[in-house]
Amino acid sequence: MTRVAAQRGIPAPRTWSRAELALAAALLALAGLAWLITGLAAMPDMSTGILTGGSAMSAMPLFLLIWPVMMAAMMLPASTPFTIGVRRLAAARHARRGTVAALTAGYLVVWSATGVLAYVVLRGFDEIAMQGEAVSVRVGAAVLIFAGAYQFTPLKRWCLARCRSPLALLVRHGDTAVRSRTGALWVGVHHGGYCLGCCWALTVVLIAAGSMNLVWMAVLAALIALEKAAPRGEAIGFVLGVAAIGLGVFLLVW
C-alpha cells in the first residue's frame, strides 16, 4: 500500500508541520465549541434515557438542530488524522483552497443525515421508558449486548480497518479529493460512511443512555477515538465489545 501511495503522489507520513498542527488545533477547537453548545443545550432536563431511568429530549426540531453539533463534538477528534492526510496531499498537489473544509463538511453531512432515524429511535426509547423501570432495564441490556456483539462482526472490522488506515481511501480517491471542492466533499462522505458503519451501534447506546447525557457522550467519544487512533485500536474494540456484553448481561441478571 505504501508503494502504491508513493506512485500516486501521496506524501509519506512524517512529523506534522506547523500548518498541520494549526489545522489539528482548529478541528479540536471546533469540536470543543460543539461540546460547549451541547452542554448548554443539555442544561434543561434533557440528559436521561432508558439506561439512566428517565426520558430523553423529544422535541424533533431541537433534536435535529443539536444532533449534528453532538456528532461534531464526538467525531471530529477521531477524524483529525485523516483530515491532516488530505491536507498534506492537497498541499503537495497545489490544490485549490477549501479542500479541507469541503472534506470536513462531507464527513459531517453523513452523521447529520442520520438525525431523523436517530430521533425515531429516541422516541421509541421514550415509549419504552414509560412502561416502567423493569422494561427499560431489559431493553437497555439488550441494546448493550447487541452493540457489544456488533464489535465482533465482519462489517465492523471492515469499517474499522478503513477508519484506522485511511490511506486506502486516499489512494483510491486522492485525485478526486484535490481536484475540486465537490470531489473533496464526496471523499468526506465516503470517510463518514466508513465511520458510521464503525460506530452506529455505539451511537444507539448513546441514544439509549440519553442523547444529551454528557458523561456518556464523553466516554463513548474517548472510546471511539482510541479505537480508531490508538496503536492497538482493534484490541480496544474487542475489549469494548466484551465490556458491553458483560454489562448487558449484568443488567439482565440485576
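The face of helix 10 turned away from its buried side carries two exposed residues, Val215 and Ala229 (exposed means over 50% relative accessible area, buried under 20%, partly exposed in between, with a 1.4 Å probe and protein chains only). This is a predicted model, in which local features need pLDDT of at least 70 and side-chain atom pairs count only at pLDDT 80 or more, while totals for chains, interfaces and linings use all residues. Residues are numbered from 1 along each chain as its sequence is written, and side-chain values use heavy atoms, without hydrogens and water.

**Helix 10**
- Helix 10 covers residues 214-229, 16 in number (helices are DSSP runs of H or I, at least four residues, numbered from the N terminus).
- Its buried residues are Met217, Leu220, Ala221, Ile224, Glu227 and Lys228.
- Seen down the axis of helix 10, these buried residues fall within an arc of 130 degrees, so they line one face (the arc is that of the directions from the helix axis to the C-beta atoms).

**Salt bridges**
- The whole structure has two salt bridges (a side-chain nitrogen of Lys or Arg within 4 Å of a carboxyl oxygen of Asp or Glu).
- Glutamate 227 and lysine 156 form a salt bridge at 3.1 Å, N to O.
- Glutamate 227 is in helix 10 and lysine 156 in helix 7 (residues 154-164), so the pair ties together parts 71 residues apart in sequence.
- Glutamate 227 is buried at 0% relative accessible area, and lysine 156 is buried at 1%.
- Arginine 123 and aspartate 126 form a salt bridge at 3.7 Å, N to O.
- Both arginine 123 and aspartate 126 lie in helix 5 (residues 115-129), three residues apart.
- Arginine 123 is partly exposed at 32%, whereas aspartate 126 is buried at 9%.

Terms used: Expected span 1.5 Å × (residues − 1).
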